[in-house]
Amino acid sequence: MPGSPKLLGLPHPAAALVSPAMRFFICLFFLIPGAAPAVCPKPVTGPEEVVAGLGSCVLIPCRYNLCQAGPGTRLPALRWLQKPVYDHGRRDYLGGLLVSTGTGATSSRARIGVAVSPHAPTADTASGEGDCSLVLSHVRAEDAGEYGLRLEANGTRPNRDLRWFHKVVLNVTDAPPAPRLWPDPQHLTEGRITTLGCWVPPACPEDTVALAWDGPASRVAGAKVQPWTPPDLTMFPPATGISLDFNPTWYHDKSNLSCLLRGADGKTVAQTTRQLQVHYAPRDVRVEVMPTSPVHEGWQVTLSCHDSANPPSFAYSWSLNGLMLPSRMDKVLLPSVQVRDGGAYHCHATNIVGTIESHPTILEVYYAPRDVRVEVTSPVHEGWEVTLKCRDSANPPSRTYAWSLEGQILPHSSAQLRLWPVREVDGGSYRCQATNVIGTADSPPTLLEVYYRPRNATLTVLTPLPVLAGTRVSLHCELGLAHPPPSTIQWLRNDRHEANTIGPTFSFTAEPTRASTYRCVGQNVAGSTQSPPLAVIVWYPPQAAWVRQSPRGELVAGRGPVRLRCEAGVAEPPFYNISWFKGGQRLPASGPNLLLPGPEPADTGTYICEVRNVAGAARSAPTTLNILFGPRSVELVPEPGEDVYEMTSVALHCRVSAQPLPDAFEWFRDGRTLGRASKDLWVLRAVGIQASGRYRCRATNSIASADSPDVTITVYYTRATILRKTFLGLGVGLSSLLLLGALGCFLRRRWQRQMAADEEPVVEPSGTFFLRNKKPRPPASPQPPHTADDTISYSSLVSPPGSGPVPRVQGDTVVYSILKRNDGAAKATEGPDYENVPSGPRGRAGDRDGDGDGTLLYAALALSPPVTPQEHAGGMGDAVEYAALRH
């Protein structure tokens, strides 16, 4: 039959009946280790029967799985055969070869359906799964018959070669197969979202088909059409389908819904139609009353419940004025209707879909007046307006009424009796009578009570006035008639509640706060009556004093003036004298205002004012003035002092007077900023002579900034530094003399080759050289004999008188001489005794080779070759000629 899962290669529909819970336990059974052995699926999965239209393209879905051959098995050899026949001799199937994965297709109209459509699964070489679908184009009548798929695979397991054959029957019809509907026909429920599906087997790529819905259900508001795959179909590639989601209603019952299969031109080529069966809850539920309402009390009445439902209603229930009735039938019989049976009736009809309630139906019952009563608010106050109402229960309503007070008929015939204004004589017992077309009834008596307030009130004082503070005061109140009598008397002070007393007397102790006007009030539930006011005067000193400052906030010196104003509380009699105190000392100022024109820092302090009258005095709370001012008297104090030695730490203290205290300090040396700090201390650690200079500090607070005067700090060398520098200078000088000696020796040798030596050194026994000017050779110019490299060329040096014979020095020996100044006094006019000793004392800065009081100077002397005594005595005397001396 069409749609049969057998024809489509689908599982049996009963599989869809397995509940989700059952599926869960089945899956859990196979997932638990050891619960069941691993089972491989069939090698080939596909339908056993396929239907195709004449001239169309048909797709025979197929899926293979090589699990039984073992893991790692690759793509098998696949062959599709037409009209296969088993050959026992060859032990294989023979037939028309349509397509093979090894040799290619032998028919131009057939091919393996791998990747036939974008949605078709492809082969998974890793898992041994793939698509083996067969596609036949232009189906002919002779194509009908049996087809077979031959699968061969060499398994990785021992003796697990896989050989499989799958048969499919192809039926060819004149028209394409009609679409299938899902699920099977069943009743729909109104208000429950329903999903219907329509599908056709997978189409070939050459076929362009589309599915569409037609019918009232597809056009209902909120209906949703979308692509869909049947949930219980297992074919590859999946079937083509659409779904319809809609909310069925009662008017869809017995309507037709069609699924249309349309070709590429949009025309319908096939369709499937189903008549919908919709279950809906009862509708048009109503109550019918016989005889029609109104009815008289005692009549027989029948109520019936009518409705329309699918399936028909099987249960009914009734309610009267919201209360459920015991009846469960579609009719209710009232043999003798009573007043209590009147009201709003509802019936409820129920079927398998739901329960619906009818609209209310009123059953009206006529009866004579009953429950007649007088409604009035009692007691009432004299002068008010009051309305007495005659209430009754009657159907039809009462039309006439009669009233009486204490048995006396009143001239009123309406249901309400209005009294305005109410007087004392209107109180008493009232009755009313109600009448309708059925009969008449009287009410029970109702009492109206009238209240009125006290007629008058008078207040007197029992203590002479005025009174001093601390004196006992008594007041007495007289009240007139009242109903009901007041239980208490209320006392007012300055028209505000003060106290309540049971008796007519009120007593209190006189205090400043008690100086007021008093009243007594007589009050009951009807109202109150006040006495005229009575003034009680109390004498007392000022209650309080306080100081107001203007302006408020921070006060800065010089930004005045500042005004202090003394104010005081109430006093009786009024105050007349004000005094001022600062820090406990009385100020000469008097009066309510104290003016500080500056203000100045000296005005900082605590201020108090005193207010006095004949009854006493009061002092204000202390008011503290804190005058702020910028830094003053800024002073930089160095520690340990202004003269320090190098490598000493110097602490610079910035002392300042300011309010508030400075929050920032800045330090300067020779006008340049050293840094900023939040404290008044700056430390110079391990100072050197370069730290000498003029120092100052700058203090800053929220008011202003100020600088200190400059302080000169001098840093001196330590003795160790002086000795180090002295020895360093001596080393440099000695090195220079050695270089000069070497140069002199060189020049002397050259000079000896040019001329004979006429001078020789004279050495004292002590080893010290004293050089004396000998008759110099005439200079070539009046300038000193300086050379280009700042050296001095000497003509001759003569030993001083009395130095004794000068020993001869043999060879080219270099002698270092120590030249000492003559005596510490230089000859300013005659010039120096020695050419390489500067005239006059030198300062510490200008003395390169020693100190100023006899510094030792070193020179390198290069001697000429030795001469004979005759040459020495022949004219040169004691002179020694030098080539050059460098400073």
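Modeller: Helices, of at least four residues, and strands, of at least two, are DSSP runs numbered from the N terminus, and the model to which they are applied here is a predicted one.

Biologist: Between which two elements does the loop holding Lys42 lie?

Modeller: Leaving aside its neighbours within four places in sequence, Lys42 is in contact with Asn65 and Gln68, and its C-alpha atom is separated by 9.6 Å from that of Arg63, 21 residues away along the chain. Lys42 itself belongs to no helix or strand, but lies in the loop between α2 (20-31) and β1.

Biologist: In β8, which residue is the bridge partner of Asn65?

Modeller: Strands β1, β4 and β8 form an open sheet in that order, with antiparallel pairing, and its edge strands, each pairing on one side only, are β1 (44-45) and β8 (129-131). Three bridges join β4 (residues 63-65) to β8. Within β8, the bridge partner of Asn65 is Glu129.

Biologist: How many helices and how many strands does the protein chain contain?

Modeller: Of the 887 residues of the chain, 39% count as buried, and among the contacts with a separation of 6 or more, 64% are between residues 24 or more positions apart. The accessible surface comes to about 49,400 Å², with 55% of this belonging to carbon and sulfur atoms. As to secondary structure, the protein chain has four helices and 72 strands.

Biologist: Which strand supplies the largest share of the largest nonpolar core?

Modeller: This core has 24 residues, and Trp80 and Leu134 are those with the most contacts inside it. Strands that each supply at least two of its residues include β5 (77-87), β6 (92-100) and β11 (162-173). The largest share, four residues, comes from β10.

Biologist: Is Arg150, the salt-bridge partner of Asp92, buried or exposed?

Modeller: Asp92 and Arg150 form a salt bridge whose closest N and O atoms are 2.8 Å apart, and the pair links distant parts of the chain, with Asp92 in β6 and Arg150 in β10, 58 residues apart. Asp92 has a relative accessible area of 14%, and the corresponding value for Arg150 is 5%. Because buried means under 20%, Asp92 counts as buried, and Arg150 is likewise buried.

Biologist: Which strands are tied together by the salt bridge between Arg391 and Glu375?

Modeller: The side chains of Arg391 and Glu375 meet at 3.0 Å, N to O. Arg391 is partly exposed at 34% relative accessibility, and Glu375 is partly exposed at 32%. The two residues are 16 residues apart in sequence, and since Arg391 lies in one strand and Glu375 in another, the pair ties together β31 and β29.

Biologist: Which residue of β31 is the bridge partner of Tyr367?

Modeller: Strand β29 (residues 365-375) runs parallel to β21 (residues 295-296), to which two bridges join it, and there His296 has Tyr366 as its partner. Strand β29 also runs antiparallel to β31 (residues 386-395), with five bridges joining the two. In β31, the bridge partner of Tyr367 is Asn395.

Biologist: Why is one side of β13 and of β25 left without a neighbour in the sheet?

Modeller: The four strands form an open sheet in the order β13-β20-β22-β25, with mixed pairing. Within it, β20 (residues 278-290) and β22 (residues 301-310) pair in the antiparallel sense over seven bridges, with Arg286 opposite His306 in β22. The outer sides of β13 (188-189) and β25 (331-334) lack a neighbour because these strands stand at the edges, each with a single partner strand.

Biologist: Which residues are linked with Arg698 and Asp707 in a network of salt bridges?

Modeller: A search of the whole structure finds 29 salt bridges, and in one of them the side chains of Asp707 and Arg698 meet at 2.7 Å, N to O. Both are partly exposed, Asp707 at 34% and Arg698 at 27%. Besides these two, the network links Glu666, Arg676, Arg694, Arg696 and Asp710.

Biologist: Which residues make up the nonpolar surface patch that includes Leu468?

Modeller: Leu468 is placed in strand β40 (residues 467-468) and, at 51% relative accessibility, counts as exposed. The patch covers about 310 Å² and is made by Leu468, Ile537 and Trp539.

Notes. Residues are numbered from 1 along each chain as its sequence is written. This is a predicted model: local features need pLDDT of at least 70, side-chain atom pairs count only at pLDDT 80 or more; totals for chains, interfaces and linings use all residues. Side-chain values use heavy atoms; hydrogens and water are left out. Two strands pair if DSSP finds at least two bridges between them. Patches are made of residues with over 30% relative accessible area and no salt bridge: like charges are joined within 9 Å, nonpolar side chains (Val, Leu, Ile, Met, Phe, Trp, Tyr) within 5 Å. Accessible areas come from the Shrake-Rupley method with a 1.4 Å probe; for residues, only the protein chains shown count as cover. A salt bridge is a side-chain nitrogen of Lys or Arg within 4 Å of a carboxyl oxygen of Asp or Glu. Buried means under 20% relative accessible area, exposed over 50%, partly exposed in between (1.4 Å probe, protein chains only). Contact means heavy atoms within 4.5 Å. A nonpolar core is a set of buried Ala, Val, Leu, Ile, Met, Phe, Trp, Tyr and Cys residues joined through side-chain atoms within 4.5 Å.
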